[in-house]
Amino acid sequence: MEKEFEISAEHVGFPVGAEGKVKLLEKARTHLNSGKTSQARILAERIISEDQDCSEGYFVLANALHREGKISKAIRCFKKVIELDTHHTDAMISLSVLLND
């Protein structure tokens, strides 16, 4: 069985590239879905640092921040997702929920 890849600060600086970004997004989503929000957040931040126009990176980050209770930051990230992708329905719904709580 393959050992789970642990994220550390030293990994964050490496360039991602298009193919790597897709793999990192998949990994970040997996972490998010399994409750590993800090790992998902770290990967999303890395993706965004390489591509500031990656709406899905911001979406994962927003969800991780929301789960960590960082509501103001999550709201800013959901707004960024919508700014980058005006048809991102999930971000619109998530933002609406946060703003109406």
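**Helix packing around a nonpolar core**

In this predicted model, the largest nonpolar core has 26 residues, and V60, L61, C77, F78 and A91 touch the most other members.

**Exercise 1.** Find which helix gives the most residues to this core.

*Solution.* Start by listing the elements that give two or more residues to the core: α1 (17–33), α2, α3, α4 (71–84) and α5 (89–99). Among these, α3 gives the most, with seven residues. Now take a look at V60: leaving aside residues up to four places away in sequence, V60 touches L25, A28, R29, L32, A40 and A44.

**Exercise 2.** Work out how α2 and α3 run relative to each other.

*Solution.* First, take the axes of α2 (residues 37–50) and α3 (residues 55–67): they come within 8 Å and cross at roughly 150°. Next, recall that angles over 145 degrees count as roughly antiparallel. The two helices, α2 and α3, are therefore roughly antiparallel. Their crossing is left-handed. On the α2 side the contact includes A40, A44 and I48, while on the α3 side it includes V60, L61 and A64. By type, the contact residues are nine nonpolar, two polar and three charged.

**Exercise 3.** Do the same for α3 and α4: how do they run relative to each other?

*Solution.* Here the axes come within 8 Å and cross at roughly 160°. So α3 and α4 are also roughly antiparallel to each other, and this crossing is left-handed. Among the residues making the contact are Y58, F59, L61 and L65 of α3, together with C77, F78 and V81 of α4. Sorting the contact residues gives 11 nonpolar, three polar and two charged.

Terms used
Residues are numbered from 1 along each chain as its sequence is written. This is a predicted model: local features need pLDDT of at least 70, side-chain atom pairs count only at pLDDT 80 or more; totals for chains, interfaces and linings use all residues. Side-chain values use heavy atoms; hydrogens and water are left out. Axes are lines fitted to C-alpha atoms, for helices over the stretch in contact, and angles run from 0 to 180 degrees between N-to-C directions. Helices (H or I, at least four residues) and strands (E, at least two) are DSSP runs, numbered from the N terminus. Angles under 35 degrees count as roughly parallel, over 145 as roughly antiparallel, 65 to 115 as roughly perpendicular and the rest as oblique. A crossing is left-handed if the near helix is turned anticlockwise from the far one by less than a right angle, and right-handed if clockwise. Contact means heavy atoms within 4.5 Å. Ala, Val, Leu, Ile, Met, Phe, Trp, Tyr, Cys and Pro count as nonpolar, Asp, Glu, Lys and Arg as charged, and the others, Gly among them, as polar. A nonpolar core is a set of buried Ala, Val, Leu, Ile, Met, Phe, Trp, Tyr and Cys residues joined through side-chain atoms within 4.5 Å. Buried means under 20% relative accessible area, exposed over 50%, partly exposed in between (1.4 Å probe, protein chains only).
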